[in-house]
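Colleague: Please take a close look at a single part of this model, and explain it slowly enough for a first-year student to follow.

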Amino acid sequence: MQFMTSASALLLGAQGGLLQSSQTQTEIFEYILSDSLLASSFVVNIALAGLTIVAIAYLARNVTDPRAKLIVISTMLISVVSISSYTGLASGLTVSFLEMPAGHALEGQEVFTMWGRYLTWALSTPFILIALGLLAGSNLTKISTSVAFTIAMCVTGLAAALTTSSVVMRWWWFVLSSIFFLVIIYILLVEWPADAQAAGTTDIFNTLKILTVITWFGYPLLWFLGVEGIAVLGTGITSWGYSLLDVIAKYGVTLLIVTYVAKEPDEVTAGSNYGSSLSKVVPSDD
Amino acid sequence: MQFMTSASALLLGAQGGLLQSSQTQTEIFEYILSDSLLASSFVVNIALAGLTIVAIAYLARNVTDPRAKLIVISTMLISVVSISSYTGLASGLTVSFLEMPAGHALEGQEVFTMWGRYLTWALSTPFILIALGLLAGSNLTKISTSVAFTIAMCVTGLAAALTTSSVVMRWWWFVLSSIFFLVIIYILLVEWPADAQAAGTTDIFNTLKILTVITWFGYPLLWFLGVEGIAVLGTGITSWGYSLLDVIAKYGVTLLIVTYVAKEPDEVTAGSNYGSSLSKVVPSDD
Amino acid sequence: MQFMTSASALLLGAQGGLLQSSQTQTEIFEYILSDSLLASSFVVNIALAGLTIVAIAYLARNVTDPRAKLIVISTMLISVVSISSYTGLASGLTVSFLEMPAGHALEGQEVFTMWGRYLTWALSTPFILIALGLLAGSNLTKISTSVAFTIAMCVTGLAAALTTSSVVMRWWWFVLSSIFFLVIIYILLVEWPADAQAAGTTDIFNTLKILTVITWFGYPLLWFLGVEGIAVLGTGITSWGYSLLDVIAKYGVTLLIVTYVAKEPDEVTAGSNYGSSLSKVVPSDD
């Protein structure tokens, strides 16, 4: 179900591109190359996402349990999305110059908007939550809910960035996005810790929970302080802020998870028949 | 699997935006504000979707069974998509002025196209069918099929609205969309009533079935009669038509479902282990 | 999870549309009509996809087992996506003229780019892999992995086609896409044959495996040789190349699968309770 909402990210992204009135993709690409602070915030993450994928493949090389493997694959897909996302940003494919509406701090100015970031949060954060939910031994309802709301959060955040018709509508999007965010925080701080205790994964889960909750609060804060919001932070700083948050929230969390799962503790394994499409019950192969 | 097709909605939506030749998002936003009939058809649904989310949270506050909760969350996501969808329409982000092709009733005219609606049907209708399928106690195959075909129906309907190159292609899209619609109607009228009888939810399911089938036939009818089709209905009337259908098909159906599920009857519950990601079988947490 | 990545296809597709600088959708439509080689490569597949859907419905008319039905529906959705995809290409909705960057064989020229194809691979190939994975009796982890990586492969291939800012970035996308492709090939050649042996479906699976692996290698080869790559093949030839590969990889494979599954051999059936949303385990109805 959650994937539905993720779709709208794209439409909005498209609109963002639309507003790319004056500049061609080539001009945007040259703009990025000319700003070493900005360019480096993309290139560094392309490299780190690649290294993370390689590290996962190495650390998890001996994992055989299907449930443990499912967690590992979920973490790997975070970086698969990330390396593609940063390649899109670096190539000028998923960024635009958008004219801010009346009432915005940069009213009337064409602002460099990295909407590809907001889009890809909708594509990568679900894998983080799936991995955390599996570690906590949670169930379909809670994991699906967390994924659905993270996508809703990211899509509405993207919409906020792409709405250039009214500053009021931009902040209304921001309010919606923040409400969806609180649902995820509730699951991370209340629901899953209880599940993790029952599953016997409290130690690792709590570490991941703290890292995730703290870093995730950084994203809306940067949105608020950056050029999309009240514009007290410049584009390059904002971009590096997101890039650094990604290093902890994505690659850091990933390596902690994989290091733990690679040992295939009983708390995360479920036997070779796990998720079998032959079993008399759902294959869940969609 | 169904989520695949939903993706294409966005691409098409993007194209719609593309055709937004002359008007900027700000101009479209002002156009909407200047038409109180049109604007109210959006704002009223933003309010109702929000109230529905609050009502669900209140009515289902004591629900603990994971399967009952899954149905409740599915219904809540209908309104989460809806409030975002209407915000997108109101802000001018997901609407465009498209020039109708030769042979169309409004040939050569720039028509106000609310393609964000067709897009979000692809994002919200699956949750309606998931909730109905769960209430009917149906299985993975039938629920997935209904979801896949509702998305295919919405995406091709969206494509019809965005095809400005040929009136013949517009109607060919409409034919494809209508064929996919019949698959859903068959599942609603033949497959699920039998499942509901076996599950003991015939009473509630039949009420929902009648409401859903009748209102759902209204959407293609409005498409046919509205500016997208033969244009006997104007933009404002068409928009209110869709908005009113949404009130019944989305919020009305939701409240009936939640009121029934909130009592957690045995027919919808499945025990605390339902959907556990620890069980030896599939977690289905994607 | 896999559906996440598919989303980004659309955004990129949108950008493709974006670059559709000079031509309107109508002009593109007329361009297609004026090139009978190109137009026929679309129309023939609209017809074949439609016939395949009808053939599936006929061949599988007596199938009752939910697991067998799930395989049949997966194959049908391949053609549902395909008929929509080719209608999009034919109507000019999902193609664009893109100016190739410096260093490209067609540097500075506006090239007819069928990005709707690359997009819809992200929507149809998952169903092929789901059907093959179910036939092989594989599990959630492997099937989800194959689906996630096929979408990542298609989206990055699409991004390659839509990147007009730098020829280096185009090939970097191609490298990423090819790496993701190798993951799928590994699953098809190593993982699933072992699963198929355990499931007793080796004969049918091996035939499908050979057809799939050989034809799938044809797609990146055509991308490399066609106008997107080194441009030794023209647009019409490239288009027909893809269309012919689709005939084997989609309709051919589909008919082999459905003919086998229609007999409901014990190897593919799982009993009437399969995938029940009432069972104490996950309904996987998302």
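Modeller: Helices are DSSP runs of H or I with at least four residues, and strands are runs of E with at least two, numbered from the N terminus. This is a predicted model, in which local features need pLDDT of at least 70 and side-chain atom pairs count only at pLDDT 80 or more, while totals for chains, interfaces and linings use all residues. Residues are numbered from 1 along each chain as its sequence is written, chains are lettered from A and ligands numbered from 1 in the order in which they are written, and side-chain values use heavy atoms, with hydrogens and water left out.

The part to look at is helix α9, and chain B is a good place to begin. Both K250(B) and D246(B) lie in helix α9 (residues 235-261) of chain B, four residues apart, which is about one turn of the helix. Their side chains meet in a salt bridge at 2.7 Å, N to O (a side-chain nitrogen of Lys or Arg within 4 Å of a carboxyl oxygen of Asp or Glu). Both K250(B) and D246(B) are buried, where buried means under 20% relative accessible area, exposed means over 50%, and partly exposed lies in between, with a 1.4 Å probe and protein chains only.

In chain A, the side chains of D246(A) and R117(A) meet in a salt bridge of 4.0 Å, N to O. This pair links distant parts of the chain, since D246(A) is in helix α9 of chain A and R117(A) is in helix α5 (residues 115-135), 129 residues apart. D246(A) is buried because its relative accessible area is 3%, and R117(A) counts as buried because its relative accessibility is 2%. R117(A), D246(A) and K250(A) are linked in a network of salt bridges. Farther along helix α9 of chain A lies L255(A), which is partly exposed, with a relative accessible area of 32%.

In chain C, K250(C) again lies in helix α9 (residues 235-261), and K250(C) counts as buried because its relative accessibility is 4%. The side chain of K250(C) makes a polar contact with the side chain of D246(C) at 2.7 Å (a pair of N or O atoms within 3.5 Å; within protein, one must be able to donate a hydrogen and the other to accept it, and residues adjacent in sequence count only if both atoms are side-chain atoms). Leaving aside residues up to four places away in sequence, K250(C) touches I78(C), S82(C), W121(C), S124(C), I128(C), Y219(C) and L245(C), where contact means heavy atoms within 4.5 Å.
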